[in-house]
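The exercises below ask the reader to work from the coordinates towards a local description, one element at a time. Each task is followed by a solution that proceeds step by step.

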Amino acid sequence: MSATAFAEPRASTHGRRKLAQQRLRAARESLADCQLCAHHCGVNRLTSTRGRCGAGSEGRVFSAQVEVSDELEFIPCFAIALSGCDLRCAFCITGAQSWNPKAGEPLDAPALAVRAQRALEKGARSIMILGGEPTIHLPSVLELVSALPADATLIWKTNGHASALARRFLADLFDVWLVDYKFGNDDCAHRLARIHGYTSALQENLAWAAENSTLVIRHLLMPGHVDCCWRPAAAWIGNHLPGVRVNLRAGFWPAWQARRHAELCDPAPSADVQRAWDTARDAGLHLIE
Amino acid sequence: MTPEPDRAEQMTELLIKQDGTIYVHNLTPEMALVLSTLNPDDPRFRARLPEPAPTADARAIAS
């Protein structure tokens with residue numbers, strides 16, 4: 001399935017749910033030559049063949065609940081987390097589920113939509129789809145979006161490693177793109193998340209999201225990575241995306257396999273946190289909580 | 001079938017350091033209420049409280 005075979009109606013004439021439904025078939029067919037993320041594995045996920053993410057053709061959910069740990073403007077948020085990911089971040093806070101696309105239960109879009117509606121009626125302000133990395137499960141995501149309440153604020157939380165094809169499937173569906181800017185250089189990305197070419201793919205996604213949605217950037221400050229990761233990231237954001245809201249998260253804890261790396265065995269020291277705030281100020285970033 | 005939240009599938013993870021610092025992941029409204037009751041002076045938990053404000057029952061849970 002090539003990208004040129006995907007014909008797209010103009011977004012202005014269709015609602016979100018209808019758009020998602022219309023794209024569903026093409027998204028499923030695209031799994032026969034999977035190019036959904038910047039790895040471009042090209043495997044046929046409709047068979048037993050697996051790419052870097054290890055995911056098959058059906059998405060699974062390992063968590064669906066109302067949470068208040070996200071950005072203040074989004075909470076309470078009904079967060080739907082899909083298992084499986086195309087990155088291998090050693091410090092992943094949900095590593096057991098994120099690295100295992102078989103974790104959790106099969107995605108049941110109608111049931112999740114009912115629960116989301118119930119959450120909204122009880123005061124939730126938004127619905128968030130996250131992972132793992134939900135991009136790898138685009139067909140399941142489209143099925144879900146086609147069922148979710150049409151007027152809810154819908155947030156796409158992503159590692160920013162999507163391909164251009166995936167972005168076409170996702171265009172005009174989400175009110176907010178919440179993108180993790182994890183690493184400020186490709187060396188740290190390769191050492192800590194086993195990924196090549198991280199920076200170019202990430203920045204391409206950020207630029208696209210800023211043009212096509214409301215972009216909010218998150219950075220999880222990692223101990224010992226202020227200068228190599230946060231400083232370049234902050235500089236790039238300040239230069240290329242001035243005014244974009246940024247959430248600098250200082251609550252790193254050594255989860256999953258973080259302790260394989262010497263500098264990631266403890267939370268970020270207060271000196272690192274202070275330098276990170278100073279760096280953000282110097283870059284002129286619009287910080288939010 | 002995705003688990004229902006009232007069947008104890010909701011989860012918050014806490015990491016409590018020796019100095020009393022609490023790191024929280026997947027903070028649910030209920031846990032935010034408990035943590036805010038434990039430390040009413042922490043503005044970060046208070047900012048994430050669901051409406052209404054903590055009741056006597058919440059204090060009883062936290063005590």
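**Exercise 1.** In which loop of chain B does Asp19(B) lie?

*Solution.* The model is a predicted one, and in it Asp19(B) is found in the loop between β1 (13-16) and β2 (22-25) of chain B. The next step is to look at the strands on either side: β1(B) and β2(B) pair in the antiparallel sense over 4 bridges, and Leu14(B) stands opposite Val24(B) in β2(B). The hairpin that these strands form has 5 residues between the strands, and within this hairpin Gly20(B) takes a positive phi near 90°. Returning to the loop residue, Asp19(B) has a relative accessible area of 62% and is therefore exposed, since that class begins over 50%. Its side chain makes a polar contact, at 2.8 Å, with the side chain of Thr21(B).

**Exercise 2.** Describe the sheet of chain A, and then determine how β6(A) is placed with respect to the rest of the structure.

*Solution.* Begin with the strand order, which is β3-β1-β2-β4-β5-β6-β7-β8-β9 in chain A, an open sheet of 9 strands with mixed pairing. Its edge strands are β3 (105-106) and β9 (286-287) of chain A, each of which pairs on one side only. Then take one pair in detail: strand β5 (residues 153-158) of chain A runs parallel to β6(A) and is joined to it by 4 bridges, with Val179(A) in β6(A) as the bridge partner of Thr158(A). Finally, consider burial: because 5 of the 5 residues of β6(A) are buried, this strand is largely enclosed by the rest of the structure. Val176(A), Leu178(A) and Asp180(A) point one way from the strand, while Trp177(A) and Val179(A) point the other way.

**Exercise 3.** Which side chain of opposite charge is nearest to Glu133(A), and what polar contacts does the Glu133(A) side chain make?

*Solution.* First locate the residue, which sits in the loop between β4 (126-130) and α4 (138-145) of chain A. Glu133(A) is buried, and its nearest side chain of opposite charge is Lys157(A), 7.1 Å away; because a salt bridge requires a separation within 4 Å, there is none here. Polar partners can nevertheless be identified: the side chain of Thr158(A) makes a polar contact with that of Glu133(A) at 2.9 Å, and the backbone nitrogen of Asn159(A) lies 2.7 Å from a polar atom of the Glu133(A) side chain. Leaving aside neighbours within four places in sequence, the residues in contact with Glu133(A) include Leu82(A), Asp86(A) and Trp156(A).

**Exercise 4.** Carry out the corresponding analysis for Arg88(A).

*Solution.* Arg88(A) is placed in the loop between β2 (77-82) and α2 (95-98) of chain A. Arg88(A) is buried yet has no salt bridge, the nearest side chain of opposite charge being that of Asp86(A), 7.0 Å away. A polar atom of the Arg88(A) side chain lies 3.4 Å from the backbone oxygen of Arg52(A). Not counting residues up to four places away in sequence, Arg88(A) touches, among others, Cys53(A), Trp99(A) and Leu192(A).

**Exercise 5.** Test the length of helix α7 (residues 198-212) of chain A, and find what covers its buried residues.

*Solution.* At 1.5 Å a residue, the 15 residues of this helix should span 21 Å, and the end C-alpha atoms are 21 Å apart, which agrees. Its buried residues include Tyr198(A), Leu202(A), Leu206(A) and Trp208(A). Among the elements that cover the buried residues of α7(A) are α5 (164-170), β6 (176-180) and α8 (226-240) of chain A.

Methods:
Residues numbered from 1 in each chain as written. Chains lettered and ligands numbered in written order. Predicted model: local features only at pLDDT ≥ 70, side-chain atom pairs only at ≥ 80, totals over all residues. Heavy atoms only, no water. Helix = DSSP H or I, 4+ residues; strand = E, 2+ residues; numbered from the N terminus. Buried < 20%, exposed > 50% of the residue type's maximum accessible area, 1.4 Å probe, protein only. Lys, Arg positive; Asp, Glu negative; His and termini not counted. Polar contact = N/O pair within 3.5 Å; in protein donor to acceptor, adjacent residues only side chain to side chain. Contact = heavy atoms within 4.5 Å. Expected span 1.5 Å × (residues − 1). Pairing = 2+ DSSP bridges.
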